[in-house]
Amino acid sequence: MFDALSDKFSGIFDGLRKRGALSEADVGEALREVRLAMLEADVALPVVKDFVARVKERAVGAEVLEAVSPGQQVAKIVHDALVEALGGEGAVPLNLSAPAPIPLLMVGLQGSGKTTTSGKLALRLRTRERRRVLLASLDTQRPAAQLQLAQLAERAGVPSLPIVAGQTPVEIARRAMEAGRREGFDIVILDTAGRLSIDAALMEEVRQIRAATSPVETLLVVDAMTGQDAVATARAFNDAVGVTGVILTRMDGDARGGAALSMRHVTGAPIKFSGSGEKIDALEEFHPERVAGRILGLGDIVGLVERAAETIDHDEAEKLATKMLKGTFTLEDYAAQLRQISKMGSISSILGMMPGMGQMKKQLEGANIDQSVFKRQQAIISSMTMKERRQPDIIKASRKKRIAAGSGVNVSEVNKLLKQFDDISDMMKRVGKLGQKGLMRQGLAGLMPKGMSQPRGQQKRPW
Amino acid sequence: MAGFFARLKEGLSRSTQKLSGGLTAIVAKRKLDDDALEELEELLITADLGPAVASRIIASFRRTRFGREVTDAEIRTALADEIAAILAPVAIPLQLDPTKKPHVILVVGVNGTGKTTTIGKMAQQLHDAGKRTLLVAGDTFRAAATEQLQIWGTRTHTPVIAGPAGADPAGLAFDALTRATADATNVLLIDTAGRLHNKAALMDELAKIIRVLRKQDPTAPHTVLLVLDATTGQNAIQQVRVFKEMVAVTGLVVTKLDGSARGGIVVALAEEFALPVHAVGVGEKAEDLQPFEALDFARGLLGE
């Protein structure tokens with residue numbers, strides 16, 4: 001991760017041969033890159049400014065160590081500061097040290113994922129913490145919201161508060177706590193209706209719910225795709241009900257998740273969990289060090305490896321990786337890769353997870369590679385002989401005509417494929433070179449079974 | 001129509017007080033110099049236009065107005081015009097094709113953007129306009145999604161085709177189209193489960209719905225609506241790109257514009273994809289689904 005960031009800075013620092021303290025000018029230019037990366041990742045502008053100012057303070061005058069380049073030095077300072085700003089290494093658990101029943105209040109905007117997260121949380125608390133959990137929906141706004149939570153409760157194997165039509169959210173909250181006491185529950189999860197931060201009446205209502213139940217944790221549920229508005233939302237909910245923790249949903253998407261930093265900055269509350277899928281067990285502890293790389297546009301190695309592990313055929317991946325590094329990548333391998341990629345999802349989202357691939361991602365998008373052509377390209381390759389697949393150079397006009405007829409496309413599409421293959425093998429060669437420099441070592445090793453068995457801690461390299 | 005501007009303005013003005021306040025502060029009594037331009041650029045960034053688009057818009061400002069003494073009103077008008085010019089080509093209301101019986105509308109988007117609510121509002125408006133409408137509860141995955149649409153059906157006096165939980169949405173859509181064709185229904189509105197655009201298998205499921213519909217009507221779906229949450233940041237660009245690629249989105253609906261989010265990402269989307277923005281959601285009521293008006297939106301964005 002540091003390597004990728006310092007690589008980004010390397011251009012800036014190329015002219016900087018001297019050792020000694022970093023000057024304000026050196027740092028300033030690198031930080032402009034950081035600022036842009038963070039804005040593109042949807043970190044709110046005031047938060048970006050504050051962060052950049054703090055990093056600048058720390059970096060200017062810092063001694064460049066003998067062993068590293070100035071670029072690496074700044075990269076490390078930026079990365080460390082970001083992990084720190086996101087809450088430091090490791091996850092913060094829920095506060096469950098209170099007399100039962102412990103009320104947990106779920107709040108957030110419409111559609112942020114409160115109800116689904118409530119169900120996931122209930123399952124987690126039941127299975128991992130061995131607690132007796134009651135789920136209660138206070139959402140009388142959205143049609144069928146209470147029914148939705150009841151169904152999720154069933155999937156999570158926990159009871160839900162019986163639905164009584166016509167009750168206000170505050171009344172339901174009181175009834176839930178009463179049931180919790182009477183029936184000996186350890187935890188009562190109170191799922192509220194989504195509300196806009198500027199809706200005074202609904203914000204007052206959630207304030208009353210809080211007053212009536214005194215929740216031990218008030219968890220703000222936030223969509224990882226949230227833009228600049230994260231600041232306004234965080235402030236409004238924090239002012240109204242005092243947020244004690246944040247849950248970031250849809251981290252399985254390809255948003256860079258800058259909202260995490262904005263939320264943490266405004267509320268000061270730790271990010272406790274992240275939602276990572278549609279299944280009811282897809283709730284994970286939040287790891288600042290993973291999200292830091294994602295925000296800086298450096299990729300989420302662990303996320304990439306996890307995704308790859310789910311879908312990729314390991315033997316095939318290992319063969320491909322070796323070929324990529326050696327530069328002996330053929331059309332046959334390309335077809336195999338097309339199959340893998342179609343299984344994994346959009347190519348740009350995969351590249352987005354790889355460190356140092358931001359630039360190549362743009363080039364690929366420029367090359368107009370889209371998912372829908374993968375199948376056709378596979379068909380074209382299938383119409384080639386083995387010899388042609390291994391030595392595409394021999395494919396001239398007459399062979400092209402035959403291949404086109406065989407796969408039901410125009411000759412121009414065969415040309416396009418060959419051109420694209422050329423571009424890609426060029427890129428692969430570059431990746432191979434980067435790999436020798438160490439940039440790709442983690443990413444590619446991660447695709448291989450050997451690398452997979454390595455504990456995460458070992459992927460980090462000492463400074 | 002009169003209500004649109006008022007409502008949008010009401011929704012936006014609450015959230016743009018800071019922006020307009022900031023504008024006044026910037027340009028009331030000084031030259032449009034580097035500092036002023038930088039602050040303007042930052043104001044656009046905080047509205048989610050994205051760093052690249054904000055920087056382009058400001059660059060064009062720099063060319064024409066740098067160093068001039070400008071008043072608050074001038075800068076607002078000019079900036080609103082600049083943004084409206086980008087948005088005007090995409091402000092296209094949703095047109096129903098009366099020759100299609102039914103006109104099939106497939107509604108897609110990531111989770112939690114407001115697809116079902118938007119369909120509910122559309123059903124009400126179609127009902128009021130005297131159109132025969134049929135809803136399809138194509139979200140068979142999320143808990144109680146079918147019931148949510150059924151409640152909207154009851155509210156809007158619109159029949160709903162639903163299947164058991166976990167049913168194949170493509171099969172459901174096929175049956176609904178058969179029925180809609182037999183009944184001479186005007187509009188078939190198909191709800192789908194929210195899905196993240198980077199999940200290939202789920203995107204394939206959408207493509208399958210379309211394939212199956214085309215077995216009956218090769219021209220269906222006539223509209224593929226992508227519902228986008230205004231609070232979404234730069235990831236909206238990737239969302240639109242992938243949905244467009246996979247299911248040939250024909251237009252956008254932007255929801256939750258009554259909140260504090262300003263939906264500036266729409267400007268970036270207009271530049272990048274030029275997809276029509278058919279409507280905006282500015283509240284909970286059926287009439288709060290309004291046609292998208294470029295100049296009003298741009299003005300609202302700047303707090304006018």
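How much area is buried between chain A and chain B? Here are a few notes to read alongside the structure, which is a predicted model.

1. **The area between the chains.** The size of an interface is often given as the accessible area that is lost when the parts come together. For chain A and chain B, the buried area is about 3800 Å², and carbon and sulfur atoms give 55% of that area. On the side of chain A, the residues that lose the most area to chain B are A:I198, A:M225 and A:E278. Together these three make up 17% of what that side buries.

2. **Who takes part.** If you colour the contact residues, you should find 45 residues from chain A and 43 residues from chain B. The elements of chain A that give two or more residues to the side touching chain B are α2 (24-40), α3 (45-59), α6 (145-156), α14 (331-344) and α15 (347-353). Among them, α6(A) gives the most, with five residues. The chain A side divides into 14 nonpolar, 16 polar and 15 charged residues.

3. **Charges and polar pairs.** Three salt bridges are counted between chain A and chain B. A good place to look is the pair B:E42 and A:K49, whose side chains meet in a salt bridge at 2.7 Å, N to O. Across the interface, 18 residue pairs are in polar contact, with both residues at pLDDT 80 or more.

4. **A helix pair in chain B.** Two packed helices are described by the angle between their axes and the distance between the axes. Helix α2 (residues 34-46) and helix α3 (residues 51-65) of chain B pack at an angle of about 145 degrees, and their axes are 9 Å apart. The crossing of α2(B) and α3(B) is right-handed. From α2(B), the contact residues include B:L37, B:L40 and B:L44, while α3(B) offers, among others, B:I57, B:I58 and B:F61. By class, the residues of this contact are nine nonpolar, one polar and three charged.

5. **Backbone details to check.** Which peptide bond in chain A is cis, leading into A:P101? The bond from A:A100 to A:P101 is, with omega near -5 degrees, and A:P101 sits in the loop between α4 (70-85) and β1 (102-108) of chain A. In chain B, the bond from B:K101 to B:P102 is cis, with omega near 5 degrees; B:P102 is in the loop between α4 (72-87) and β1 (103-108) of chain B. Finally, have a look at A:D42, in the loop between α2 and α3 of chain A. This residue is not a glycine, yet A:D42 has a positive phi, near 75 degrees.

Technical notes. Residues numbered from 1 in each chain as written. Chains lettered and ligands numbered in written order. Predicted model: local features only at pLDDT ≥ 70, side-chain atom pairs only at ≥ 80, totals over all residues. Heavy atoms only, no water. Contact = heavy atoms within 4.5 Å. Buried area = accessible area lost by both parts, 1.4 Å probe. Salt bridge = Lys/Arg side-chain N within 4 Å of Asp/Glu carboxyl O. Polar contact = N/O pair within 3.5 Å; in protein donor to acceptor, adjacent residues only side chain to side chain. Helix = DSSP H or I, 4+ residues; strand = E, 2+ residues; numbered from the N terminus. Nonpolar A, V, L, I, M, F, W, Y, C, P; charged D, E, K, R; others polar. Axes fitted to C-alpha atoms, helices over the stretch in contact; angles between N-to-C directions. Left-handed = near helix turned anticlockwise from the far one by under 90°.
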